[in-house]
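Reader: Could you please walk me through one part of this model in detail, a strand and its pairing partners, and then connect that part to the rest of the chain? A friendly, continuous account would suit me best.

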Amino acid sequence: MRITAPSCLCPFLVCLCFVQRCYGSGHPPPARVLAKNQTRPVEGETEVHHRPKRGWIWNQFFVLEEHIGPDAQYVGKLHSNSDKGDGSVRYILTGEGAGTIFIIDEVTGDIHATKSLDREKKTHYVLHAQAIDRHTNKPLEPESEFIIKVQDINDNAPKFPDGPFVASVPEMSEVGTSVFQVTATDADDPTYGNSARVVYSILQGQPYFSVDPKTGVIRTALANMDREAREHYAVVIQAKDMAGQVGGLSGSTTINITLTDVNDNPPKFPQKNYQLYVPESAQVGKAVGKIKANDEDLGVNAEIKYSIINADGASVFSIATDRETREGIISLRKPLNYEKKADYTLHIEGANTHPDLRFSHLGPFKDRATLKITVGDVDEPPVFSMDYYIMDVFENAPVGTEVGAVTARDPDSTNSAIRYFIDRSLHGDTYFNIDANSGTIKTTHVLDREEMAWHNITVIASEVDNPSLLSHVPVTVQVLDVNDNPPQIATEGEVIVCEGIRPGQVIQTITAVDKDDFANGPRFSFSLPKDTPLNPNFTLKDNEDSTASIVARRRRFSRTAQEFYRLEVAVSDGGEPALSSTGTLTLRVCACERGARVRTCQAEAFLSSAGLSTGALIAILLCVVILLVIVVLFITLRRSKKEPLIISEEDVRENVVTYDDEGGGEEDTEAFDIIALRNPAAAAAEELKFRRDVRPEALQRVPRGAGVARSPSPDGALD
């Protein structure tokens, strides 16, 4: 079977058709063609083992895409060598698109495409052709496979699937700096002609940017592009196929290019001189004003650090940068005083914190300005001459005694008169009063140092012209001591005198206490009263260190003879004038333990109350112990007597039996077996012969009577 292609497709196809026709006319085709080197006999024929030759082999057609003519597009022609032109051969077409897209004339074998094809959707179709006998409906040749390729035309324009685009480049970049690269796609066949060969060009964005026609790389084309002058650029790039020739299709996209900031602008103060009014009442540490330098850059490139460069201004004021507003916040470092200094001049500098060395040739990245501060006069409250006052007054001073005075003044130029009064809402102290005009403080009560040694009051000063302006100052008054309290003997418990003490031995050391201050108290002296007779038992020794020792005069004190003694002691202090008092000490005689550091009578309290000596107490304790031992022994014996006796048949002894019958003399021999009395062993053996089920009693008591008889017992125990 021979396939004939049309001669009107293109020069290439015309050439192929010419070769086809020449080859077909010079070599008559065989009657049938076998595919894939195999032979397939026609039905009814015998199999012949030889390779039939096809006159002309053509296995593909070409058809133009996007055909829009009124008639079906001619694709090609099928022809079998068996076809004699009499209509006896019928051509059949099967495969992709057969019957729907591609139809065949069963008689002539002409193939037509009934629909417009799109190569971008499907590039080729695989079909099968066969010639059969119209009369017998039998194949004249084996089925042959061929391909119809859709030939591309330039029907797709280049596209930018991801556009529009966003790009950025630093300002002040050099010419030729790469910014972005665009890539267009063309759905046409890149292997056929120039339909998919794309060339890039710039439609909008010149002279700032350029594009490489082959790669689509966008570059800067103008030097020193300044972001502060223009920040955003819209660049339009066109992609055209057919290598940019006339008639080619094109597509375009937009690239929004932003110039990013670099630190190429120094900070600038809008003006060189500023003025600021600050009242003298401004608080230290609080902001009193602000100043700002402008920087056209952005972000960290616009950060500014402010500083006061003159020393006299920096000692009173400070400046810090607000990170959000980039302002210089001026604060007060020291309090202002209009009367001392009414104005200040500050030289302020603002400098970039992140300078870029590439642009150092543009000048120093800092600027300076002068700020003149005027201190405003404010009506201020009175000022005391001291921050606090400490005064003193002697106790027992009469009412109205002057303690001291406070002074305050008006710091303003008006120099208003001052009035004083005590703030009684804080302490409620009514011991003092103050003169409203002079500030003199006097007592209103007699003071007692021992009751309250310190008094705290608060004095308030106000201006006569403006009473609402007040100042407060603390005043502390110390009450000085006078010797108005006599000393007293300090005793801790009773004084213990040991019975075995020797003459001249110290019994106890005593001291005294005084409510007065140390200047009038601790230098104590001790003595026995002069108007009392000589004490034969005790004497007193002044140790000259504010203590005294009680010393025994004799030996051998006896508690039974006399337990308590009284001793009067006189003590005087070292004040001016000296005060004295007399106290009575109670001394108690006790039997002290040897080697004991602390003397005590607690262990002898029972003996003293009972009137017993130590020997008597020991004898009583010994008797109690002996009685306890006797009781224990008695109880032990009682328990041992209640235990049962064990009778043994082999150990027969006499038992004592008591009964109430009177003896009968000789007649009694008839009532008892005299043999048993003479031979107890034989009698016991005889009795056991008759009573083996009864054990003999160990002991049987009968009422006491006139007669007592002894009888043998198995265990030989006697009651």
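**A strand with two partners**

Author: Happily! S7 and S8 pair in the antiparallel sense, with six bridges between them. Please keep in mind throughout that the model is predicted. One of the pairs is easy to find: His124 has Lys149 in S8 as its bridge partner. S7 takes in residues 124-133, while S8 covers 144-151. S7 also pairs with strand S4, residues 89-95, again antiparallel and through seven bridges. On that side, Val89 is the residue that stands opposite Asp133 in S7. As for its surroundings, S7 is mostly covered, since seven of its 10 residues are buried by the criterion of under 20% relative accessible area. If you follow the side chains along the strand, a general point helps: in a regular strand they alternate between the two faces of the sheet.

The link from S7 to S8 deserves a look too. Asn137 sits in the loop between these two strands, and its phi is near 60°, a positive value in a residue that is not glycine. As background, most residues other than glycine have a negative phi, and most peptide bonds are trans. Both parts of that background come up again below. Going on past S8, you reach the loop that leads to strand S9 (165-170), where Pro164 is found. The peptide bond from Gly163 to Pro164 is cis, with omega near -5°.

Similar details turn up elsewhere in the chain. Pro577 lies in the loop between strand S38 (564-572) and strand S39 (580-590), and a cis peptide bond with omega of about -5° joins Glu576 to Pro577. Asn224, which is not a glycine, has a positive phi of about 55°. Its place is the loop between strand S13 (217-220) and strand S14 (232-240). Is Asn224 buried or exposed? Asn224 counts as exposed because its relative accessible area is 53% and the cut-off is over 50%.

For a second look at strand pairing, turn to strand S21, residues 343-352, which is mostly covered, with seven of its 10 residues buried. Strand S18 (residues 304-308) runs antiparallel to S21 and is joined to it by five bridges; there, Lys305 stands opposite Ala351. S21 also pairs with strand S22 (residues 366-376), in the antiparallel sense and over nine bridges. In that pairing, Tyr344 has Ile373 in S22 standing opposite.

Farther along the chain, Thr547 gives a view from a single residue. Thr547 belongs to strand S37, residues 547-552. Thr547 is classed as buried because its relative accessible area is 18% and the cut-off is under 20%. Its side chain makes a polar contact of 2.4 Å with the side chain of Asp545. Which residues does Thr547 contact when neighbours within four places in sequence are left aside? They are Thr509, Ile510, Thr511, Phe526 and Asp542.

A helical stretch comes later. The unreviewed UniProt entry lists residues 616-637 as "transmembrane region". In the model this span is 100% helix and 0% strand, and the C-alpha atoms at its ends lie 32 Å apart.

Now to the whole chain, for context. The chain has 41 strands and eight helices. Of its 719 residues, 36% count as buried. Among contacts between residues at least 6 apart in sequence, 69% join residues at least 24 apart. The area that the chain exposes is about 43300 Å², and 53% of this is supplied by carbon and sulfur atoms.

Lastly, a word on confidence. The average pLDDT of the chain is 79, and 77% of the residues score at least 70. Over residues 6-57, however, the pLDDT is below 50, and this stretch has 76 contacts in the model beyond near neighbours in sequence. Residues 666-672 also stay under 50, and for them the model has one contact beyond four places in sequence.

Note on methods. Residues are numbered from 1 along each chain as its sequence is written. This is a predicted model: local features need pLDDT of at least 70, side-chain atom pairs count only at pLDDT 80 or more; totals for chains, interfaces and linings use all residues. Side-chain values use heavy atoms; hydrogens and water are left out. UniProt positions are given in the numbering used here, feature names are shortened, and annotations may be inferred rather than shown by experiment. Helices (H or I, at least four residues) and strands (E, at least two) are DSSP runs, numbered from the N terminus. Buried means under 20% relative accessible area, exposed over 50%, partly exposed in between (1.4 Å probe, protein chains only). A polar contact is a pair of N or O atoms within 3.5 Å; within protein, one must be able to donate a hydrogen and the other to accept it, and residues adjacent in sequence count only if both atoms are side-chain atoms. Contact means heavy atoms within 4.5 Å. Accessible areas come from the Shrake-Rupley method with a 1.4 Å probe; for residues, only the protein chains shown count as cover. pLDDT is the predictor's confidence in each residue, from 0 to 100. Two strands pair if DSSP finds at least two bridges between them.
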